[in-house]
Amino acid sequence: MDTPTRFPAYLVSSTPAGVTAAFITMADDQLDPGEVTVRVQYASVNFKDALAATGRGKIIRRFPCVGGIDASGVVESSRAPHFKPGDSVIVHSHGFGVSHHGGYAGRARAPAAWVNRLPPGMSALEAITLGVAGYTAALGIDLMELNGLGPAKGKVLVNGATGGVASVSIDLLAQRGYQVVAVTGKPAEAEYLRSLGASEVIASADLPAGTKPLEPALWQGAVDSLGGAPLAALTRSMQREGVIASIGNAAGLDFNGNVMPFILRGVRLIGVNSDNEPELRDRIWKRLGSDLRPRHLSRISHVVPFEQLPQAIEAVANGKARGRTVIDVGSAQG
Ligand SMILES: NC(=O)c1ccc[n+]([C@@H]2O[C@H](COP(=O)([O-])OP(=O)(O)OC[C@H]3O[C@@H](n4cnc5c(N)ncnc54)[C@H](OP(=O)(O)O)[C@@H]3O)[C@@H](O)[C@H]2O)c1
């Protein structure tokens, strides 16, 4: 019988005192079932990962669970015909890092439907800089364009602008010729946001909130990572047939809206969810390697050694991070 491969992993557990997370040594025979086993090079810290590992959000659906909702690396073994050892891949979404061991480990094993081959010429570091965040940003733009968004029709607002989804959204939208307005709680990061392609940067505190059912129509599109009151304000300030991509809830789950923007301006509020079937995943990853290829990934990523994962999680949980926090899992394995 083969000796199991051992590797470091960051395991999130539930204890009577609450959720805890710690580094452990794991063996590949402890991984969850799946057709594809990957030697992980990089993982990342998404907002959801930070809520999961700190217990600030009820994210983990099966304890204990290796955290990390995305990872990039190289296929070690595969029972799926379309993946073979040596393929460069990314794993993300569905149960990964939530109800199935995720990316914070030297090895990850997942169903083939959660795995995508990297587009030609894309490195593992570039792929994880995109990760779930970049995939969702691209899916949001794809859906917005299907709903009428076009570069000549007006400005596109991106809120929570220094975040992962937002940073990639700014890069992708600017690359496609949109006039992008970045709205951030960190106005000191204006230069970073302009370097990604934002043509205007507004501090969230300076964004007119307004309380009328309809406010001045300013935006043809909006990428919303926040939910809550910022989303409600957005609905009231969209142009006719403006499109909002609702992606996240960093500012809250509930929002107080009214129907006037929808019935008088034809505003479209579209939901974006990254748990998709293989055909759609494949199409979006192909677009990320071609017509939606980002230009500024090296500015967006910040690479942290695996052993500093707990500090990186705290930074994201406290809204202190910028762009995408990438975890160099491979370096911990020699
Ligand atoms: N629908 C999906 O499938 C999907 C996929 C990926 C992510 N998401 C969701 O999308 C959102 C963004 O994810 P992410 O990974 O990009 O997160 P992130 O990197 O942590 O970015 C979130 C950004 O929101 C702003 N923010 C944070 N806390 C806030 C608060 N309390 N009030 C107002 N603004 C706040 C900050 O930007 P500024 O300081 O610049 O304002 C922060 O950088 C999250 O809610 C995440 O769960 C959903």
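## Fold overview and a buried helix

In this predicted model, residues 24 or more positions apart make up 72% of the protein's contacts with a separation of 6 or more. Contact here means heavy atoms within 4.5 Å.

The protein contains 9 helices and 16 strands. Its radius of gyration is 20 Å, close to the 20 Å given by the globule rule for 334 residues, so the protein is as compact as a globular protein of that length. The C-alpha trace spans about 70 × 45 × 35 Å along the principal axes.

Next, burial and surface. Of the 334 residues, 52% count as buried. The protein exposes about 14000 Å². Carbon and sulfur atoms supply 53% of that area.

Charge comes next. The protein carries 32 positive and 29 negative side chains. The centres of these two sets lie 4 Å apart.

One element deserves a closer look: helix 5, residues 228–236. Buried means under 20% relative accessible area. In helix 5, 7 of the 9 residues are buried, so the helix is largely enclosed by the rest of the structure. The buried residues are Gly228, Leu231, Ala232, Ala233, Leu234, Thr235 and Arg236.

What covers these buried residues? The cover includes the elements below.

| Covering element | Residues |
|---|---|
| Strand 9 | residues 155–159 |
| Strand 12 | residues 219–224 |
| Strand 13 | residues 238–246 |
| Helix 6 | residues 260–264 |
| Strand 14 | residues 268–271 |

Both strands and a helix thus appear in the cover of helix 5, among them strand 13 and helix 6.

How values were computed: Residues are numbered from 1 along each chain as its sequence is written. This is a predicted model: local features need pLDDT of at least 70, side-chain atom pairs count only at pLDDT 80 or more; totals for chains, interfaces and linings use all residues. Side-chain values use heavy atoms; hydrogens and water are left out. Helices (H or I, at least four residues) and strands (E, at least two) are DSSP runs, numbered from the N terminus. The radius of gyration is taken over C-alpha atoms; the globule rule is 2.2 Å times the number of residues to the power 0.38. Buried means under 20% relative accessible area, exposed over 50%, partly exposed in between (1.4 Å probe, protein chains only). Accessible areas come from the Shrake-Rupley method with a 1.4 Å probe; for residues, only the protein chains shown count as cover. Lys and Arg count as positive and Asp and Glu as negative; His and the chain ends are not counted. The place of a charge is taken as NZ of Lys, CZ of Arg, CG of Asp or CD of Glu.
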